[in-house]
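I set out to keep a short record of what I looked up in this structure. The entries follow the order in which I consulted it.

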Amino acid sequence: MTQSFPVTITVNEKEYKREVEPRLLLSDFLRHELGLTGTHVGCEHGVCGACTILFDGESARSCLMFAVQANGHNMTTVEGLAKDKDNLHPLQQSFWEAHGLQCGYCTPGILMTLVPFLKQNPNPTEDEIRHALSGNLCRCTGYQHIVDAVKLAAEKMR
Amino acid sequence: MKPAPFEYHAPDSLEQALELMHQHVGEAKILAGGQSLVPAMNFRVVQPSVLIDLNRVAELSYIREEGDVIRVGSMARERHLEFDSSVAKHIPLLTEAMPFIAHPQIRNRGTIGGSLVNADPAAELPVLMLALGARLKAQNVSGERWIDAQDFFAGMFTTALEPDEILVEIELPFMPPRTGWSFMEVAPRAGDYALAGVAVLATLDENKKCKQAKLVYLNAGDGPIEAKEAEKLLEGETLNDKLIDSAAALASEKEITPFGSIHASSEFQRHLANVLTKKALKTAFQRAEDNLQ
């Protein structure tokens, strides 16, 4: 008999109550249980960074946590960044303007990595930006336009 | 579902966690930060039948100064060590090395205790514990014991912990006065496993002679590898390029045993270790001399 645990998890300021099997990954919980498919799942072993979310305000791989561990915690996913489709987060707006994405698969994870990075380092050098991006794989862009987008976002957000 | 099913426990005190380890001895695995265990579970390389999650045991998450040591709870996050001001002041080697551990997203979750118990020979923290002369406190239901870092690592992914023991605290002595430090590694991409890496500490005496040296390598054998012969060569000597070259050659040719992989042959790993040792020793000595003034 499989165990299941009641959890109360806040995602993008909305509280959800669900029953979860302990082996359910947080990434799968967000996508399959809550329908928040903006969080992408790439490698599922912590290398690609596509599933990065904010866990209690800090970036983390949602594929390396179990949903049951998120009980009582606060999460932000890419869906929580923009107020609505006409009011993008300045980082999203910059990715659009600087062509910081092509297929878009890696983009949610990159955005969720960079939101806390730009908060801690509002005026980053190119080296610092590239270092911050090192935990996120993008196979389309060659990163150059992503770096440009981050520079543009840093300007907008200062 | 990626991982195989398991029985899950999330104790909120160390006492409960120890009791659970006692009840499930041999079948339970501790879940700390999960940054190595969960990938292995997702691949089903590891299929623990019982998982004891320490993330709700708040009493294991601390970093505090006490006399001339810093005590770190085994559930302290790597990211907190990286930015801790007393660590930066008294153990700058650790502060310098932390950013080499994977990526910020991983360090936000990864714990010092998790990395040490995982005992990956390519990991940074085991090497640092050896270089710094850390002591590790293990606990089970019947008591506690202290293990020196050099006795803790017992081979590839193996430690001196008994099956019912939990690593609860790491005691890090302050670096001695007149000590220089350096941590260097070479990885194909930032945050990836390093092909070679070294932690160096050099303590000088009043006459600028080397009083004590520490040279510890990662990915250089089946655990963190200390180059004791090379350390002896340096001790008691005034440091110069020739001596540094000899120590680097001794350590990289005779004392480490890198295995080689598809990314680098063992010869190339030895070459990298040699170059890194020279650079790191020079940096450490320079910093030790700066500390003399």
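**Entry 1: a hairpin in chain A**

I began with A:Phe55, whose bridge partner in β4(A) is A:Glu58. I note at the outset that the model is a predicted one. The two strands concerned are β3 (residues 52-55) and β4 (residues 58-61) of chain A, and they pair in the antiparallel sense over four bridges. I then looked at the turn: β3(A) and β4(A) form a hairpin with two residues between them. In that turn A:Asp56 has a positive phi of about 50°.

**Entry 2: the two domains of chain A**

I next looked up how chain A is divided, and found domain 1 (5-80) and domain 2 (90-157). Their C-alpha centres lie 22 Å apart. I recorded the contact between them as 14 residues from domain 1 of chain A and twelve residues from domain 2 of chain A. Both hairpin strands appear here, since I found that β3 and β4 of chain A each supply at least two residues of the side of domain 1 that touches domain 2. Of the two domains' contact, I asked which element gives the most to the side of domain 1 of chain A. It is β3(A), with three residues. By class, I listed this side of domain 1 of chain A as six nonpolar, seven polar and one charged residues.

**Entry 3: where chain B meets chain A**

I turned to the contact between the chains, which takes 24 residues from chain B and 23 residues from chain A. On the side of chain B, I found that β1, α2 (37-42) and α6 (104-109) each supply at least two residues. The largest share, five residues, comes from α6(B). By class, I counted this side of chain B as eleven nonpolar, eight polar and five charged residues.

**Entry 4: the domains of chain B and the sheet of three strands**

For chain B, the domain assignment gives domain 1 (7-53), domain 2 (58-173) and domain 3 (179-292). I noted that the C-alpha centres of domain 1 and domain 3 of chain B lie 36 Å apart.

I then examined an open sheet of three strands in chain B, with the order β1-β3-β2 and parallel pairing. Why is one side of β1 and of β2 of chain B left without a neighbour in the sheet? I found that β1 (7-9) and β2 (28-31) stand at the edges, so each has a single partner strand. Neighbouring strands of this sheet are turned by 25° against each other on average, direction ignored. Four bridges join β2(B) to β3 (residues 50-53) of chain B. I noted one pair there: B:Lys29 has B:Leu51 as its bridge partner in β3(B).

**Entry 5: helix α1 of chain B**

I followed helix α1 (residues 14-23) of chain B, which lies across β1, β2 and β3 of chain B and runs at about 165° to β3(B). In α1(B), I found B:Ala17, B:Leu18, B:Leu20 and B:Met21 to be buried. They cover an arc of only 160° around the axis, which puts them on the same side of α1(B). I also asked what covers these buried residues. The cover includes β1, β2 and β3 of chain B, and also β6 (135-140) and β10 (166-173) of chain B.

**Entry 6: the sheet of five strands**

Both β6(B) and β10(B) belong to an open sheet of five strands in the order β4-β5-β10-β6-β7 (chain B), with antiparallel pairing. I noted β4 (63-66) and β7 (143-148) of chain B at the edges, each with a single partner strand, so one side of each is left without a neighbour in the sheet. I found that β6(B) and β7(B) pair over six bridges. B:Asn140 has B:Gly143 as its bridge partner in β7(B).

**Entry 7: strand β13 of chain B**

I closed with β13 (residues 210-218) of chain B, in which seven of the nine residues are buried, so the strand is largely enclosed by the rest of the structure. I found that β12 (residues 196-204) of chain B pairs with β13(B) in the antiparallel sense over eight bridges, and that B:Leu201 has B:Lys214 as its bridge partner in β13(B). Their hairpin has five residues between the strands, and B:Lys208 takes a positive phi near 65°.

I then noted that β13(B) pairs with β14 (residues 225-226) of chain B in the antiparallel sense over two bridges. In β14(B), the partner of B:Val216 is B:Glu226. This second hairpin has six residues between the strands, and B:Asn219 takes a positive phi near 50°.

Key. Residues are numbered from 1 along each chain as its sequence is written. Chains are lettered from A and ligands numbered from 1 in the order in which they are written. This is a predicted model: local features need pLDDT of at least 70, side-chain atom pairs count only at pLDDT 80 or more; totals for chains, interfaces and linings use all residues. Two strands pair if DSSP finds at least two bridges between them. Axes are lines fitted to C-alpha atoms, for helices over the stretch in contact, and angles run from 0 to 180 degrees between N-to-C directions. Two residues are in contact if their C-beta atoms, placed from the backbone, lie within 7 Å. Domain bounds come from an automatic or database domain assignment. Ala, Val, Leu, Ile, Met, Phe, Trp, Tyr, Cys and Pro count as nonpolar, Asp, Glu, Lys and Arg as charged, and the others, Gly among them, as polar. A residue is buried if 20 or more other C-beta atoms lie within 10 Å of its own, exposed if 12 or fewer, and partly exposed in between; C-beta atoms are placed from the backbone. The arc is that of the directions from the helix axis to the C-beta atoms.
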